[in-house]
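Grab a pencil and try working through a fold by hand. Each exercise below comes with a worked solution, so have a go before you read on.

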Amino acid sequence: MNKLKIGIIGCGVIGSKLAKVIDKELKDRARIAGLCDIDKEKLERLRRRLKSKPASLELLDLIKKSNLAIEAASAKVSAHILKNAINAKKDVMLMSVGGLLGHERLFELAQKRGIKVYLPSGAIGGVDAIKAASQAKIRSARLITRKPPRGLEGAPYIIKKKINLKKIKGEKILFDGPAAEAVKAFPKNINVSALLSLTGIGANKTRVTIITSPSYKRNSHQVEVCGDFGKLITKTENVPAPDNLKTSYLAVLSAIATLKQILSPVKMGT
Ligand SMILES: NC(=O)c1ccc[n+]([C@@H]2O[C@H](COP(=O)([O-])OP(=O)(O)OC[C@H]3O[C@@H](n4cnc5c(N)ncnc54)[C@H](O)[C@@H]3O)[C@@H](O)[C@H]2O)c1
């Protein structure tokens with residue numbers, strides 16, 4: 001069996017974990033075609049820990065040498081990576097889904113060229129059911145995100161509205177509006193609201209509410225969708241990934257599960 005050649009862009013928490021899983025658990029079915037990171041020290045640190053010692057490659061070369069390119073880098077480059085994967089006729093898995101909002105026409109281009117684009121569920125639950133629900137009418141989609149105040153520090157909305165997060169006593173609704181505005185106001189919430197919008201009814205119709213309280217210990221994402229199928233409510237209460245407080249551990253696990261699904265003959269869920 002030919003091994004799937006996988007190129008990894010971004011050697012941070014998600015990229016490193018995926019690389020280790022490919023190197024050990026999946027080595028009979030896949031191999032790392034190369035690593036790419038703007039931070040060469042990080043890349044080298046990961047390379048040293050891998051048995052296969054994959055090459056350090058520049059982005060376009062890495063895409064060329066892979067059957068599947070995995071982006072785990074930044075929302076600033078995910079659309080650019082998708083564009084280049086399409087041009088090179090390579091499949092691609094993208095973690096920074098937020099960077100794809102406004103670039104949806106690339107999905108049509110991918111379809112025309114026969115490219116597969118994988119977008120893992122990340123830190124939310126229910127994407128499988130929403131995909132099924134969207135085969136009939138979806139009337140409303142809502143994301144209620146609850147984060148401790150320190151998880152919202154530095155967000156453009158907090159700075160613009162001069163909100164002093166340290167002074168918040170009980171539960172406070174900070175934002176309530178369309179996902180299209182939420183992703184600009186709270187870019188670190190961008191991936192979950194973007195994926196929910198893309199799977200459901202789009203960024204203008206998907207409503208996002210962001211709540212904080214000093215008593216919150218975890219990042220939680222509650223998804224509520226109503227449609228012809230009935231009503232769906234899911235809630236994930238996420239612990240942070242061991243090496244990056246900004247990334248939920250579930251998002252790392254979701255990336256691994258998506259990769260295993262790609263390599264498996266059995267596709268579970270919708
Ligand atoms: N879909 C989801 O639910 C979800 C959840 C968590 C994280 N994410 C996204 O996945 C991405 C990776 O997350 P992480 O926790 O591994 O982040 P991280 O910060 O640990 O690692 C990112 C790595 O990418 C590198 N990088 C940044 N820009 C790059 C570029 N232009 N080219 C090559 N390398 C570049 C950085 O140097 C870093 O090593 C982030 O964009 C994050 O927002 C998505």
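What follows is a set of exercises on domains, sheet, helix and cores.

Before you start: this is a predicted model, where local features need pLDDT of at least 70, side-chain atom pairs count only at pLDDT 80 or more, and totals for chains, interfaces and linings use all residues. Residues are numbered from 1 along each chain as its sequence is written, and side-chain values use heavy atoms, with hydrogens and water left out.

**Exercise 1. Split the chain into domains and describe the contact between them.**

Step 1: Take the bounds, which come from an automatic or database domain assignment. They give domain 1 (4-119 + 250-263) and domain 2 (127-238).

Step 2: Place the two parts. Over C-alpha atoms, the centres of domain 1 and domain 2 are 26 Å apart. Nine residues from domain 1 and nine residues from domain 2 make the contact (heavy atoms within 4.5 Å).

Step 3: Get the buried area, meaning the accessible area (1.4 Å probe) that two parts lose on being put together, summed over both. Between domain 1 and domain 2 this is about 730 Å², with 81% from carbon and sulfur atoms.

**Exercise 2. Lay out the open sheet and find its edges.**

Step 1: Write down the order. Five strands run β2-β1-β3-β4-β5, with parallel pairing. Strands here are DSSP runs (E, at least two residues; helices are H or I, at least four), numbered from the N terminus, and two strands pair if DSSP finds at least two bridges between them.

Step 2: Look at β1. Strand β1 (residues 4-9) joins β3 (residues 68-71) over four parallel bridges, while six bridges link β1 to β2. Gly 7 faces Ala 69 in β3 and Gly 34 in β2.

Step 3: Check the ends. β2 (30-36) and β5 (117-118) each have a single partner strand, so one side of each lacks a neighbour in the sheet. Even so, six of the seven residues of β2 are buried (under 20% relative accessible area; exposed is over 50%, partly exposed in between, with a 1.4 Å probe and protein chains only).

**Exercise 3. Work out how α4 and Leu 100 are packed.**

Step 1: Count the covered residues. Seven of the 10 residues of α4 are buried, including Ile 81, Leu 82 and Ile 86.

Step 2: Find their partners. The buried residues of α4 pack against β1, α3 (59-64), β3, β4, α5 and β5. Just after α4, Lys 89 takes a positive phi of about 60°.

Step 3: Move to Leu 100, in the loop between β4 and α5 (105-113). Leu 100 counts as buried because its relative accessibility is 0%. Leaving aside neighbours within four places in sequence, Leu 100 contacts Ser 78, Ala 79, Leu 82, Leu 94, Phe 107 and Leu 119.

**Exercise 4. Which residues have the most contacts inside the largest nonpolar core?**

Step 1: Fix the term: a nonpolar core is a set of buried Ala, Val, Leu, Ile, Met, Phe, Trp, Tyr and Cys residues joined through side-chain atoms within 4.5 Å.

Step 2: Read off the answer. The largest one has 52 residues, and Phe 186, Val 223 and Val 225 have the most contacts inside it. Domain 1 and domain 2 both give residues to this core, so it lies between them.

Step 3: Look for another. Apart from that core lies one of 28 residues, among them Ile 32, Val 252, Ile 256 and Leu 259.
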